[in-house]
Amino acid sequence: MKKFILKLLVFVALVVVMLTLLELGFRNKPTGFKTKYAGLEKYAPEVEILVLGHSHSAEGFDTRITRRRSYNMSMGFQHIYFDDCVAAQFLDRMDSLKCVIITPSYFHMYYGLAPIEDLSGENLFNAVHFHLYWNVDSLPSGPIPSLSPKYNLEILNNPVSSYVQMFKHYLHNGIRPTAAWDDPYGYTGQSFIADEDFLNADGIHRARDHQPHYNGAVPEFQLTENYFIYDRLIKRCAEKGVAAALVMFPCWHSYVDNLDDFQLSGTRRMLHELERTNANCILLDHMTDERFGVGDFQDAIHLNVFGAEKMTRIVEDEIEDFLHKQQ
């Protein structure tokens, strides 16, 4: 019996050591969550344009080419609530900041952030990692349980493919720290150019995936829960004397043409309301901008590096004009 207990203890100890090593492996491997946050901490005092939002701006605003020092803090599936958390943490440290770019889209005004126990997929993955690496300890519904392994361990929040990537990373790089990408200011663009047939089909497919979130029950004009988070973020900027630019990034026409008209028009009405009621806010709606063609897209809703270069120069010029008028 004693031998059995001893063997069991040894087995348990080995399992604990293995799980601990895996957790340390995930914690030390560079990812966008870690490098973007660390980069903003490093460059915060010199940044003049801060880009917040989701994948549209992460891949659509190229911080490498801006005249003013810019930093792109956007991540895929990044809810406006997390944008507001970033602003709350960093605005006081950004003495050079002139403008914050905020990135709404077709469904983000209506897409509420559920309690963490009800989140799944990319939304849960992001919430956990914002908690682990961006000091976000609560959601609108309440605090994230600090003692729950489910929300505080990497090994419980990564698919098998992430384990494979981790092993490959350490196999090729050892334990030396490496950057998650080349641009130290957060840009994550793709050079792929999609052809027109793909864009047409992809737009229809993505529009079907992005089903309406108002459930057919909203009145003609409604200020949603997310509207008030946008408004709070814009007012945070105003308190610091910083402009806020609401930027809608270009999408391929087959995507826009197949969206729910009520939700799209409702989103635009709320964005115009934010612009109307906040003197430091400007709406730059490029969703259907005809200056963007086939060579500018990697898919129906994301610009490639060529489209991002064009978009960045357009938006930066518009922001400069707005800042001049604000003086």
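Helices, of at least four residues, and strands, of at least two, are taken as DSSP runs and numbered from the N terminus. On this basis, the chain contains eleven helices and nine strands. The model is a predicted one.

The overall dimensions of the chain were examined first. For 327 residues, a compact globule would be expected to have a radius of gyration near 20 Å, and the value of 22 Å found for the chain agrees with this expectation. The C-alpha trace spans about 80 × 45 × 40 Å along its principal axes. Of the 327 residues, 51% count as buried. The accessible surface of the chain amounts to about 16,000 Å², and carbon and sulfur atoms contribute 57% of that area. Among contacts between residues at least 6 apart in sequence, 80% join residues at least 24 apart.

Five strands form an open sheet with parallel pairing, in the order β2-β1-β3-β6-β7. Its edges are formed by β2 (70-72) and β7 (281-285), each of which pairs on one side only. From one strand to the next, the twist averages 20°. In general, the strands of a sheet pair through backbone hydrogen bonds, in either a parallel or an antiparallel sense. Here, β1 (residues 49-51) is joined to β2 in the parallel sense over three bridges, and the bridge partner of V51 in β2 is N72.

Two helices lie across strands of this sheet. Helix α10 (residues 261-277) lies across β6 (243-248) and β7, and runs at about 150° to β7. Helix α11 (residues 305-326) lies across β1, β3 (99-102), β6 and β7, with an angle of about 145° to β6.

Aromatic contacts were then considered. A search of the whole structure yields 13 aromatic pairs. One of these, formed by Y71 and Y185, is edge-to-face, with 6.4 Å centre to centre and 80° between the planes. Because Y71 lies in strand β2 and Y185 in the loop between α6 (160-173) and α7 (196-209), the pair ties together parts that are 114 residues apart in sequence. With a buried residue defined by a relative accessible area under 20%, Y71 qualifies at 1% and Y185 qualifies at 12%.

W252 and F297 form an aromatic pair that is likewise edge-to-face, with 5.6 Å centre to centre and 75° between the planes. W252 is located in the loop between β6 and α9 (253-257) and F297 in strand β8 (residues 297-299), so this pair ties together parts that are 45 residues apart in sequence. Both W252 and F297 are buried. In addition, F33, Y37, Y81, F82, F90, F125, F130 and W134 form one aromatic cluster.

The surroundings of a single histidine, H213, were also examined. H213 is found in the loop between α7 and α8 (225-239). Its relative accessibility is 29%, and H213 therefore counts as partly exposed. When neighbours within four places in sequence are left aside, H213 is in contact with F107, Y110, Y111 and Q263. The C-alpha atoms of H213 and Y110 are separated by 5.8 Å, although these two residues are 103 residues apart along the chain.

Note on methods:
Residues are numbered from 1 along each chain as its sequence is written. This is a predicted model: local features need pLDDT of at least 70, side-chain atom pairs count only at pLDDT 80 or more; totals for chains, interfaces and linings use all residues. Side-chain values use heavy atoms; hydrogens and water are left out. Two strands pair if DSSP finds at least two bridges between them. Axes are lines fitted to C-alpha atoms, for helices over the stretch in contact, and angles run from 0 to 180 degrees between N-to-C directions. Contact means heavy atoms within 4.5 Å. The radius of gyration is taken over C-alpha atoms; the globule rule is 2.2 Å times the number of residues to the power 0.38. Buried means under 20% relative accessible area, exposed over 50%, partly exposed in between (1.4 Å probe, protein chains only). Accessible areas come from the Shrake-Rupley method with a 1.4 Å probe; for residues, only the protein chains shown count as cover. Rings of Phe, Tyr and Trp (its six-membered ring) pair if their centres lie within 6.5 Å; planes under 30 degrees apart count as stacked, over 60 as edge-to-face and the rest as tilted.
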